[in-house]
Amino acid sequence: MHDRFFIAGQLREMGRLLDVKGENRFKARAYERAARALETLDADLDLLVLNRRLTEIPGIGSALAAVIDELYRTGKSSLLDELRGQLPPGALEINLVPGLSLKKIAALNAALGVASVADLKAAGEKGLIRTVKGFGPKGEAKILAAIAKLESGGARLLLDQATDEAERLLRHIRGGATVAKADVAGALRRRKESVSRIQIVAAGAKADKLIDDFLRYPAIVHSERADDACRARLAAGAMVELHAVREADYGASLLRHTGSKRHYARLEELAQEKRLDLNARAQDEKEIYRCLGMQYVPPELREDEGEIEAAVACKLPRLVEYDDISGLTHCHTVYSDGKNTVEEMALAADALSMKYLTITDHSPSAFYAGGVEVERLKRQWEEIDRAQEKVKVRLLKGTESDIRPDGSLDYPDDVLARFDIVIASIHQRNKMNADQMTRRIVAAMKSPFFKIWGHPLGRLIGSRPPIECNMETVLDAIAEAKAAVEVNGDPHRLDLEPRWTRAARERGIKFLISTDAHSTAALRYLRYGVDMARRGWLTAGEVLNTLPLKNFLAAVRP
């Protein structure tokens, strides 16, 4: 009988092979979803197979159940064998190089015997790719550039993507017989907006055994190993680095590999002054900071931006935590561009034991997002009242009101006055320069209904830059208006970035940590909003939605 991780690896390979072949992408994704379902399965797979109950696993139908059953009993799959036979050797790995179709991979294999990325790189460096029909010098140069990018880490992962992948990796690593401890390190542990690779530090008696266990992770398609480290690429393209150490060295290794480089360099300077060795055996990071005569520095602050001085002076603040949050804010429903109804969002918030939930659909100017016209508000509010009867969480009637080009807020004043909460945001930039945008935002803050600035700079990580404005002037205006700034947890936004959060908190400005959720599933974005708030040094006392309902309403009502 074969375990669920082996079966998951085979399913994932099938999905990738189908994808490379150009089959229906939904079919290929079904195999990936089934693989993940098995990796996270809480039930007993043996019983599910023996009792023919595999279809009880979400996302697994009768066809997939038959494939899983065959793999469980024999370790083989006729479908997988068929797919492998239809593709040239190394197609899965080579397909990770952007711009190479299955037809091109087959041509390179037939002409040059290319069966891996290493083969492809060697052929390119010898000038052989250009000799294959359909490539030429330019094609060869593009392939070598794509390989270089792939080897340097390739595309960056957003925080939520990296977190999800890392959590699956950790479950696998911690399940190994030889591991004592394992944790995420690097930029992901510092909760950066995006990362080029996932770094993990694991401790056990023998480094080679730790690496052996790690390499059994079913999503790995390529790997390179050393005595105490391993670098691997996952099927989805993500890069992973495993650092294997003895348990006695775990604390020092985790500290070093978490970084940042500047923070660690400052620690080395302090260690030299005290004649200490940062690489000395330490099972716990806190022990190292204590020996250096300073407070423990949370990973989110390790950027050499004043945290060293604050920790030495014992003046680091207690950062806000997920459990400090009392209510979910900035949530959309089917009344605008959300995917779930008011009741569904309310039930989901109830399940999270939240005290309040703000329903803040788009205003009419956001017509492209189904902005709620005034005449539809009455119907929405009635629906909120009906949903309130079914849940404990308090439902608040709000809006995400557009800031118009002249700085006025969407909806008439008499309507704005009736909301429990108004989040004011810019969605259309209107080709404004920095001075024009600054005047627009400052004008909006003069409205008595302006209480919260939503996703302030409007960035989309990796695809859209922040709006241009004089941020210092804007923050001064917010402080004068006694308004608050949103820290947006949507992984594509994560707006406001930490440097401006710190600049705002220096002015005494309050904050709101939001989900910007457009579905019940997106309510989990709260954790990423908290991450960004912590990177901006925020405490619970500076965040409005840590307050009890009565105090929160007093702070945000127009």
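## Lone cysteines, helix pairs and a buried tyrosine

Let's start with cysteine 291: its sulfur sits 14 Å from the closest cysteine sulfur, the one in cysteine 314, and that is too far for a bond. A disulfide would need the sulfur atoms within 2.5 Å. Keep in mind that you're looking at a predicted model. Turn to the partner and the story reads the other way round: cysteine 314 is in no disulfide, with the sulfur of cysteine 291 as its nearest cysteine sulfur, 14 Å away. Widen the search to the whole structure and the tally is 0 disulfides.

How exposed are these cysteines? Cysteine 291 has a relative accessibility of 47%, so it counts as partly exposed. Cysteine 314 comes out at 53%, so this one counts as exposed; the cut-off for that label is over 50%.

Now swing over to the helix pairs. Helix H1 (residues 4-21) packs with helix H4 (residues 62-74), their axes 10 Å apart and at an angle of about 130°. That angle makes H1 oblique to H4. As for handedness, the crossing of H1 and H4 is right-handed. On the H1 side, the contact is built from Phe6, Ile7, Gln10, Leu11 and Met14, while H4 brings Leu64, Val67, Ile68, Leu71 and Tyr72. Sort the residues of this H1–H4 contact by type and you get 9 nonpolar, 1 polar and no charged.

Which way do helix H20 and helix H21 run relative to each other, parallel or antiparallel? The axes of H20 (residues 434-444) and H21 (residues 471-481) come within 9 Å and cross at roughly 5°. Angles under 35 degrees count as roughly parallel, so H20 and H21 are roughly parallel to each other. The residues that make this contact are Thr438, Ile441 and Val442 from H20, plus Thr473, Val474 and Ala477 from H21. By type, the contact of H20 with H21 has 4 nonpolar residues, 2 polar and no charged.

Last stop: tyrosine 411. You'll find it in the loop between strand E10 (394-402) and helix H19 (413-416). Is this loop residue buried or exposed? Tyrosine 411 has 4% relative accessibility, so it counts as buried. Leaving aside residues up to four places away in sequence, tyrosine 411 touches His362, Ser363, Pro364, Val372, Val374, Leu377, Thr399, Arg404, Leu416 and Phe419. Glutamate 373 is worth a look too: 38 residues separate it from tyrosine 411 in sequence, yet C-alpha to C-alpha they are 8.5 Å apart in space.

Terms used
Residues numbered from 1 in each chain as written. Predicted model: local features only at pLDDT ≥ 70, side-chain atom pairs only at ≥ 80, totals over all residues. Heavy atoms only, no water. Axes fitted to C-alpha atoms, helices over the stretch in contact; angles between N-to-C directions. Helix = DSSP H or I, 4+ residues; strand = E, 2+ residues; numbered from the N terminus. Parallel < 35°, antiparallel > 145°, perpendicular 65-115°, else oblique. Left-handed = near helix turned anticlockwise from the far one by under 90°. Contact = heavy atoms within 4.5 Å. Nonpolar A, V, L, I, M, F, W, Y, C, P; charged D, E, K, R; others polar. Buried < 20%, exposed > 50% of the residue type's maximum accessible area, 1.4 Å probe, protein only.
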